[in-house]
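Here is a short tour for anyone meeting this model for the first time. Have a look at it, then read on.

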Amino acid sequence: MRKLFFGILILFFGILILPVACTHAQTYADSIAQYRKQYIADLLGDKRSPIKPTQVKGISFFKPDQSYCVWGAFKETPGSVPFMIETHSGKKKPFREYGTVTFAIHDTTMTLHVYQSVDLVKVDGHQDDLFVPFNDMTNYDATFGGGRYLDLSIKDIKNDMLLLDFNKCYNPYCAYADGFSCPIPPVENRLHIEIPAGERMFNQGM
């Protein structure tokens, strides 16, 4: 109980000393709109893009909601051993756990595991990349059943705190088309609440 109590205090006071990143509603909504515009441009610009310009109308997002932009207490996992994550194609990809982030949304405290791609960190410019695949209770209904992703960076970690903005979570390519090896979120990253933020299920009929 004492460890839990002090952990909550650290999380609370850690948030207080961090710069405010999710305030000013109109400015925040504008920034998310710009982020999503660039996201679609990058999606179309990828040589492996799973969609055509005519299919962009099938991409939709939840309305920006600042309550899903939260700071969490980050704890690094030193000496973690690489392991294989299953993908939708049946192949496996090597990752290692970089750490965990514990956060609260609407009075519910949760923990997500943060990973690094063993292959990607060998590529110039990607040494700081962090990856958070997750499932939540909106899957198969409002969002892709195979889960969604958050891309982060080691540089995002401030004073042992990490900002999670679920308004920026996105679909894997497998949400749009077959033939891609998209990592399936490990069981440990299944959130037992709804996260109605970020990208919604792709509507192929539009």
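## Starting from a buried tyrosine

Tyr-39 counts as buried, because its relative accessibility is 15% and the cut-off for buried is under 20%. Keep in mind that this is a predicted model.

What does Tyr-39 pair up with? Across the whole structure there are 11 aromatic pairs. One of them joins Tyr-39 and Tyr-170, in a tilted arrangement with 6.1 Å from centre to centre and 50° between the planes. Tyr-39 sits in helix α2 (residues 25-45) while Tyr-170 belongs to the segment after β7, so this pair ties together parts that are 131 residues apart in sequence. Tyr-170 is buried too, at 17% relative accessibility. The two tyrosines also belong to one aromatic cluster, along with Phe-61, Phe-95, Phe-131 and Tyr-149.

Here are some residues from this tour, with their accessibility:

| Residue | Relative accessibility | Status |
|---|---|---|
| Tyr-39 | 15% | buried |
| Tyr-170 | 17% | buried |
| Ser-153 | 16% | buried |
| Cys-169 | 2% | buried |
| Asn-159 | 56% | exposed |

## The nonpolar cores

Now for the greasy parts. The largest nonpolar core has 23 residues, and the members touching the most other members are Phe-103, Ile-105, Leu-112, Phe-134, Leu-164, Phe-166 and Ile-195. Two or more residues come from each of β1, β3 (92-105), β4 (108-117), β5 (129-134), β6 and β7. The top giver is β3, with 4 residues.

Phe-134 is a good one to zoom in on. Leaving aside residues up to four places away in sequence, Phe-134 touches Leu-112, Gly-147, Arg-148, Tyr-149, Leu-150, Phe-166, Cys-169, Pro-185, Asn-189, Leu-191 and Ile-195. There is also a second, separate core of 19 residues, and among its members are Ile-51, Phe-95, Tyr-170 and Ala-175. Tyr-170 is thus a member of this second core and of the aromatic cluster.

## Strands β1, β6 and β7

How much of strand β7 is buried? Covering residues 161-165, β7 has 4 of its 5 residues buried. Its partner is strand β1 (residues 69-76), and the two run antiparallel over 5 bridges. In that pairing, Cys-69 faces Asp-165 of β7.

Ser-153 is found in strand β6 (residues 148-153). Ser-153 counts as buried because its relative accessibility is 16%. A polar atom of the Ser-153 side chain lies 3.1 Å from the backbone nitrogen of Lys-155. Setting aside residues up to four places away in sequence, Ser-153 touches Asp-128, Leu-130 and Leu-162.

Between β6 and β7 comes a loop, and Asn-159 is in it. Asn-159 is exposed, since its relative accessibility is 56% and the cut-off for exposed is over 50%. The C-alpha atom of Asn-159 is separated by 9.0 Å from that of Ala-73, though the two residues are 86 residues apart along the chain.

## The cysteines

Which cysteines are linked by a disulfide? There is 1 disulfide in the structure, and it joins Cys-174 to Cys-182, with the sulfur atoms 2.3 Å apart. This link is right-handed, with 100° about the S-S bond. Cys-174 and Cys-182 are both buried. Cys-169 is likewise buried, at 2% relative accessible area, and is one of the residues Phe-134 touches.

Conventions. Residues are numbered from 1 along each chain as its sequence is written. This is a predicted model: local features need pLDDT of at least 70, side-chain atom pairs count only at pLDDT 80 or more; totals for chains, interfaces and linings use all residues. Side-chain values use heavy atoms; hydrogens and water are left out. Buried means under 20% relative accessible area, exposed over 50%, partly exposed in between (1.4 Å probe, protein chains only). Two strands pair if DSSP finds at least two bridges between them. A disulfide is a pair of cysteine sulfur atoms within 2.5 Å. A polar contact is a pair of N or O atoms within 3.5 Å; within protein, one must be able to donate a hydrogen and the other to accept it, and residues adjacent in sequence count only if both atoms are side-chain atoms. Contact means heavy atoms within 4.5 Å. A nonpolar core is a set of buried Ala, Val, Leu, Ile, Met, Phe, Trp, Tyr and Cys residues joined through side-chain atoms within 4.5 Å. Rings of Phe, Tyr and Trp (its six-membered ring) pair if their centres lie within 6.5 Å; planes under 30 degrees apart count as stacked, over 60 as edge-to-face and the rest as tilted.
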